[in-house]
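Please look through the sequence and the model with me before reading on. My comments are meant for someone who is new to reading structures, and they are best followed with the display open.

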Amino acid sequence: MLERLNEAMEHIERHLDRPVEAGELARIAMTSEYHFRRMFSALAGMPLSEYLRRRRLTVAGAEVLAGERTLLDIAVRYGYGSGEAFARAFRGLHGVGPGEARRTGAALRSQPRMAFRLVVEGSSTMEYRIVEKEEFRVVGKKARVPLVYEGVNPAIAEFIKGLGKETVRRIHELSDQDPEGIVAVCDGLDPSRAEGTELDYYHAVVTNVPVPDDLDALTVPPGTWAVFANTGPYPQALQSLWADVFAQWFPSNPYRSRPGPEILRTRITPDGAEATTELWIPVERTPV
């Protein structure tokens, strides 16, 4: 899988001055567009669209300093419809406008080319199981929140804080199947997975009981789930679990992620130092 991902990265480099479609990159990587976007974001730490933008502005910066093309020619070559749009994007990455950069020879920022490799530690094994689930419902309270890649999501933290103990208790009592208890559920993510785009966040349980009128519900169709578990320092253990799933498990197993909600069950010790985490990701077998 990683070898095919790197072939897709080479395709990007050869087409920085032309449109690059995620579907074509997924075809090169021999996977679905959904899984390619998900895998790329997890491994690269940024959405595909952001990486493309940074790489184009990096090579455009070199051309601006070279002085062989007009600024408008460079703007059009790298997909900008006007000099003004190009100047705004250029300043956003480099901290200086293209005209000023050319006049002064200013130092510019660079997004390096990415390549992926698998580092095999060999000192531990990843605990996982494959679960086939019938249709179920996610029932609880829902909020539309921005996607945040690092640190605590303040919108989610504020949302949970405002629910109140009685509401959380009522939601918890509806749990009747695995994963048990209160879970965090993310659904409806933008295909780009760009930071700041919105998603549906549920503070909820997994259940099939009738839904109370004052609660939100998401019906999840039957499907296959990969379930990963670990225990360790919080939040470091959780963050490493996400990284290991996409950097090590998917490239080594005949599965790919599929559209659907992602479910996280976290139980933190009273002192907040450690947590036991269970991560449910919807998957499907990779076609042979």
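The numbered points below take up helix packing, two loops and a set of paired strands.

1. A word of care comes before anything else: this is a predicted model, and the points that follow should be read with that in mind.

2. Begin with helix 1 (residues 2-14) and helix 4 (residues 48-66), which pack at an angle of about 40°, their axes lying 11 Å apart. Because of that angle, helix 1 is described as oblique to helix 4, and the crossing between helix 1 and helix 4 is right-handed.

3. Which residues of helix 1 and helix 4 meet? From helix 1 come Met9, Ile12 and Glu13, while helix 4 brings Leu48, Tyr51, Leu52 and Arg55. Sorted by class, this contact of helix 1 with helix 4 holds five nonpolar and two charged residues, with no polar ones.

4. Another pair to inspect is helix 2 (22-29) and helix 3 (33-44), whose axes are 8 Å apart and whose packing angle is about 90°. Since angles of 65 to 115 degrees count as roughly perpendicular, helix 2 and helix 3 are placed in that class. On the helix 2 side, Ala22, Gly23, Leu25, Ala26 and Ala29 take part, and they meet Glu33, Phe36 and Arg37 of helix 3. By class, the contact of helix 2 with helix 3 has five nonpolar residues, one polar residue and two charged residues.

5. In the loop between helix 2 and helix 3 you will find Met30, a residue other than glycine that nevertheless has a positive phi, near 60°. Is Met30 buried or exposed? Its relative accessibility is 56%, and because exposed means over 50%, Met30 counts as exposed.

6. A further backbone detail deserves a check at Asp178 and Pro179, which are joined by a cis peptide bond with omega at about -5°. Pro179 belongs to the loop between helix 9 (165-173) and strand 3 (183-187).

7. Turn finally to strand 6 (residues 223-233), which is mostly covered, with eight of its eleven residues buried. Strand 6 runs antiparallel to strand 1 (residues 127-133), and seven bridges join them, whereas strand 6 and strand 9 (residues 274-285) pair in the antiparallel sense over ten bridges. Ala226 is a useful residue to follow by eye: Ala226 is the bridge partner of Ile130, and Ala226 also has Ile281 in strand 9 as a bridge partner. While tracing these strands, it may help to remember that in a regular strand the side chains alternate between the two faces of the sheet.

Methods
Residues are numbered from 1 along each chain as its sequence is written. This is a predicted model: local features need pLDDT of at least 70, side-chain atom pairs count only at pLDDT 80 or more; totals for chains, interfaces and linings use all residues. Side-chain values use heavy atoms; hydrogens and water are left out. Axes are lines fitted to C-alpha atoms, for helices over the stretch in contact, and angles run from 0 to 180 degrees between N-to-C directions. Helices (H or I, at least four residues) and strands (E, at least two) are DSSP runs, numbered from the N terminus. Angles under 35 degrees count as roughly parallel, over 145 as roughly antiparallel, 65 to 115 as roughly perpendicular and the rest as oblique. A crossing is left-handed if the near helix is turned anticlockwise from the far one by less than a right angle, and right-handed if clockwise. Contact means heavy atoms within 4.5 Å. Ala, Val, Leu, Ile, Met, Phe, Trp, Tyr, Cys and Pro count as nonpolar, Asp, Glu, Lys and Arg as charged, and the others, Gly among them, as polar. Buried means under 20% relative accessible area, exposed over 50%, partly exposed in between (1.4 Å probe, protein chains only). Two strands pair if DSSP finds at least two bridges between them.
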